[in-house]
Amino acid sequence: MELKSKNAIITGGGGAIGSEIARRFLEEGACVIIADNNQKALDSVYDKLRGMGDIFTKVVDVSSESSVNDLVDFAEKQFSGGRIDVLANVAGIGPFKKFIDTDTETFQRVMDINLKGTFMASRMVSNKMMSTGGGSIINMSSTNGILAEEGLVSYNASKAAIILLSKTMALELGKYNIRVNSVCPGWIRTELQDKAGLPKEMIDNYIKKIPLGRAGKTTEVADLFVFLASDRSSFITGTEIVIDGGQICQE
Ligand SMILES: NC(=O)c1ccc[n+]([C@@H]2O[C@H](COP(=O)([O-])OP(=O)(O)OC[C@H]3O[C@@H](n4cnc5c(N)ncnc54)[C@H](O)[C@@H]3O)[C@@H](O)[C@H]2O)c1
């Protein structure tokens with residue numbers, strides 16, 4: 001059990017990757033708060049995972065300071081000793097729009113959820129971790145935070161900013177034993193994408209770019225989160241870990 005007696009918050013825990021992270025954290029013995037702005041998704045994840053261990057759900061809008069504050073207060077009350085050991089900032093959106101068609105509202109909304117949400121939750125949780133001996137913060141970036149992809153200008157910009165946000169936090173928080181890293185997945189195939197029915201040609205073209213010849217699985221990303229949350233990664237901070245089947249070696 002890699003995460004025995006660790007207390008973890010996962011934002012975006014109602015989604016494909018977030019819910020898999022929650023499942024793996026529970027398997028490894030963590031006590032978990034799954035937070036999301038989609039109540040229906042939270043209910044469905046709770047139904048699937050209940051019985052696996054200590055699990056709570058909480059509605060949160062990560063773009064709202066008061067809502068994030070409520071989440072952190074809730075965590076302090078639920079978790080033993082009021083300790084938060086792990087924060088996984090996974091909530092995110094990525095609307096497709098060409099740069100020239102991207103209106104300011106869309107750009108702002110993506111920044112508010114992906115970047116400001118990560119900033120606010122991290123800052124509030126860091127304040128708690130500083131007085132409880134430290135912890136691990138894992139921020140979801142993307143290979144889109146390293147290399148640009150057309151049609152995703154706001155998303156790319158937000159994910160790139162998350163990498164340097166994380167590095168700066170790592171610099172300033174190391175002395176409190178708080179580690180901060182970002183995770184950069186390439187294409188991770190999810191149920192939602194399959195339901196959306198991506199055109200076969202698009203899938204084939206994408207797979208051609210991946211040396212391992214396939215999309216990633218949510219559980220592969222979740223395993224990386226387990227590692228970064230665990231004491232096995234105790235000397236890893238301020239870095240971004242790419243998990244993309246080798247895709248960006250060659251772009
Ligand atoms: N799937 C991929 O290929 C891939 C690749 C790289 C990075 N990522 C990143 O991984 C994360 C999860 O992606 P996913 O594929 O599981 O998507 P998803 O849409 O299934 O999950 C995202 C979750 O975030 C929640 N969310 C959105 N806005 C929110 C808000 N304001 N407050 C709280 N929760 C909110 C959604 O309700 C959803 O449950 C995202 O940050 C995404 O950018 C995904």
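In the next few minutes I will go through the cores, two helices, the ligand site and a few single residues of this structure. Please keep in mind throughout that this is a predicted model.

Let me begin with the interior. In general terms, nonpolar side chains in soluble globular proteins tend to be buried together. Here the largest nonpolar core has 30 residues, and the ones with the most contacts inside it are Phe-25, Val-183 and Phe-225. Several elements each supply at least two residues of this core, namely strands S1, S2, S4 and S5 together with helices H1, H2 and H8, and the largest share, 7 residues, comes from H8. If you centre your view on Phe-25 and leave aside its neighbours within four places in sequence, you will find this residue in contact with Leu-3, Ala-8, Ile-10, Ala-30, Val-32, Val-86, Phe-225, Val-226 and Ala-229. Apart from this core lies another, of 27 residues, and among them are Val-72, Ile-84, Met-169 and Ile-178.

Staying with H8 for a moment, which of its residues are buried? They are Thr-218, Val-221, Ala-222, Leu-224, Phe-225, Val-226, Leu-228 and Ala-229, and the buried residues of this helix pack against H1, against strands S4 and S5, and also against strand S6, residues 178-185, and strand S7, residues 240-243. As for its geometry, the 12 residues of H8 should span 16 Å at 1.5 Å a residue, and the end C-alpha atoms are indeed 16 Å apart, so the expected and modelled spans agree.

The same check can be made for helix H3, residues 65-78, where 14 residues at 1.5 Å each should span 20 Å and the end C-alpha atoms are 20 Å apart, which agrees. The buried residues of H3 are Ser-67, Val-68, Leu-71, Val-72 and Ala-75. Why can we say that they line one face of the helix? Seen down the axis of H3, these buried residues fall within an arc of 140°, and therefore they line one face. What they pack against is strand S1, strand S2, strand S3 and helix H4, the last of these covering residues 104-129.

Turning now to the ligand, there are 28 residues around it, of which Ile-17, Asp-36, Val-90, Tyr-155 and Ile-188 come nearest. I would point out three polar approaches, each made by an oxygen atom of the ligand: one lies 2.8 Å from a polar backbone atom of Ile-17, one lies 2.6 Å from an N or O atom in the side chain of Tyr-155, and one lies 3.0 Å from an N or O atom in the side chain of Lys-159.

Finally, some single residues. Most residues other than glycine have a negative phi. Ser-5, however, has a positive phi, near 60°, without being a glycine; this serine lies in the segment before S1 and counts as exposed because its relative accessibility is 55%, where the cut-off is over 50%. Asn-177 likewise is not a glycine and has a positive phi of about 65°, and you will find Asn-177 in the loop between helix H5 and strand S6.

My last residue is Thr-106, in helix H4. Is it buried or exposed? Thr-106 counts as buried, because its relative accessibility is 16% and the limit is under 20%. Not counting residues up to four places away in sequence, Thr-106 touches Pro-95 and Lys-97.

Notes
Residues numbered from 1 in each chain as written. Predicted model: local features only at pLDDT ≥ 70, side-chain atom pairs only at ≥ 80, totals over all residues. Heavy atoms only, no water. Helix = DSSP H or I, 4+ residues; strand = E, 2+ residues; numbered from the N terminus. Expected span 1.5 Å × (residues − 1). Buried < 20%, exposed > 50% of the residue type's maximum accessible area, 1.4 Å probe, protein only. Arc of directions from axis to C-beta. Contact = heavy atoms within 4.5 Å. Core = buried A, V, L, I, M, F, W, Y, C linked by side-chain atoms within 4.5 Å. Near = heavy atom within 4 Å. Polar contact = N/O pair within 3.5 Å; in protein donor to acceptor, adjacent residues only side chain to side chain.
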